[in-house]
Amino acid sequence: VHELSLAMGACRIVEDTVGSDRLGRVRTVGVVVGAHSGVEIESFRFCMETLLAQPPFEAAALELEHTGGDELRVDYLEVEDADSED
Amino acid sequence: MPIRRIEVREKLMARNDELAAQVRSRLAASGVAALNLVSSPGSGKTALLERTLSALCPELRMAVISGDVQTENDAERLARHTDRLVQAVVTGGACHLDARQILTALDEVDLEDTDLVFIENVGNLVCPASWDLGEAAKIVIFSVTEGEDKPLKYPRMFERSEVVVLSKADLLPHVPFDPVLAMEYARRINPGLRFFRTSSVSGEGLEDWFGFLRERVRDQATEPA
């Protein structure tokens, strides 16, 4: 039942990683959810997708990876790289 | 625009765990034991605390942090049994207490003048199992008006607790609850569990519970911080 606060925690990790002014450039948030993490996956997915669809995010996608353990972590981000020269 | 991948690998509970570690070290520095009381709603956490405060004040210096989704009713009930601090934490909808709330609540507690902190968690056998509050131990209050199979239904809570208090024992003659079976189920989940059988109405078993609390306070005080 605390999936929303977990989802908000995940978004805070994203913000701490990329900086609050660059959340609009986040394209993918990869989260690992273990079967024994105590998280109700569908509810967590719903909360995450709701948060990622609204400002300061701009349609970031969620990639959930399921494992058999008890881990629950933000694994990786894909961000549009404005600083790159390519 | 090119897409850059950033490895994060940060646990979602990392922030709470960090704060819980701060709670733990603050308590340890003052030799204070903290017990996190968890249960389903209506199992008798507050009643057990009322009896405990009445019987053990002023022998033990106890503070209570009492969490509820709404109202400060429990904290008000408890405050009648002690001159010491009883703090209400209203979670405003959240189904558990988190370590930040405990850290904030501890700011108001004079830890040098405290032996024992009770944390009365929100009545809920699911979520509080996931949130470390920096306590020395979780204690499940399991009333005899519930089903014996509670431990099988909510294994995580029983797995993470050290002690089970079988409460409302005065009702045993009137309910079909089999305490032996309940203990067997609980031990199946966590063989190391210690049990107390109490009644906050008749007083049955409370001396053993008080003995356990005195023991925890002694152990915590002698443990090197």
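**Exercise 1.** Identify the residue of chain B with which Asp16(A) forms a salt bridge in this predicted model, and place the pair in its interface.

*Solution.* Step 1: the partner of Asp16(A) is Arg15(B), and their closest N and O atoms lie 2.5 Å apart. Step 2: the criterion requires a side-chain nitrogen of Lys or Arg within 4 Å of a carboxyl oxygen of Asp or Glu. Step 3: across the interface of chain B and chain A, three salt bridges are found by this rule. Step 4: polar contacts there involve 11 residue pairs, with both residues at pLDDT 80 or more.

**Exercise 2.** Determine which element of chain B gives the most to the side that touches chain A, and describe that side by residue class.

*Solution.* Step 1: strand E1 (residues 3-11) of chain B gives the most, with nine residues. Step 2: the side of chain B that touches chain A has 10 nonpolar, eight charged and two polar residues. Step 3: in total, 20 residues from chain B and 29 residues from chain A take part in the contact. Step 4: about 2200 Å² is buried between the two chains, 60% of it from carbon and sulfur atoms.

**Exercise 3.** Establish how E1(B) pairs with chain A.

*Solution.* Step 1: strand E3 (residues 72-80) of chain A is joined to E1(B) by seven bridges, and the two strands run antiparallel. Step 2: within this pairing, Glu10(B) in E1(B) stands opposite Val74(A).

**Exercise 4.** Assess whether the radius of gyration of chain A agrees with that of a compact globule.

*Solution.* Step 1: for 86 residues, a compact globule would have a radius near 12 Å; chain A has 13 Å, which agrees. Step 2: the C-alpha trace of chain A spans about 40 × 25 × 20 Å along its principal axes. Step 3: the elements of chain A follow the order α-β-α-β-β from the N terminus.

Key: Residues are numbered from 1 along each chain as its sequence is written. Chains are lettered from A and ligands numbered from 1 in the order in which they are written. This is a predicted model: local features need pLDDT of at least 70, side-chain atom pairs count only at pLDDT 80 or more; totals for chains, interfaces and linings use all residues. Side-chain values use heavy atoms; hydrogens and water are left out. Contact means heavy atoms within 4.5 Å. Buried area is the accessible area (1.4 Å probe) that two parts lose on being put together, summed over both. A polar contact is a pair of N or O atoms within 3.5 Å; within protein, one must be able to donate a hydrogen and the other to accept it, and residues adjacent in sequence count only if both atoms are side-chain atoms. Helices (H or I, at least four residues) and strands (E, at least two) are DSSP runs, numbered from the N terminus. Ala, Val, Leu, Ile, Met, Phe, Trp, Tyr, Cys and Pro count as nonpolar, Asp, Glu, Lys and Arg as charged, and the others, Gly among them, as polar. Two strands pair if DSSP finds at least two bridges between them. The radius of gyration is taken over C-alpha atoms; the globule rule is 2.2 Å times the number of residues to the power 0.38.
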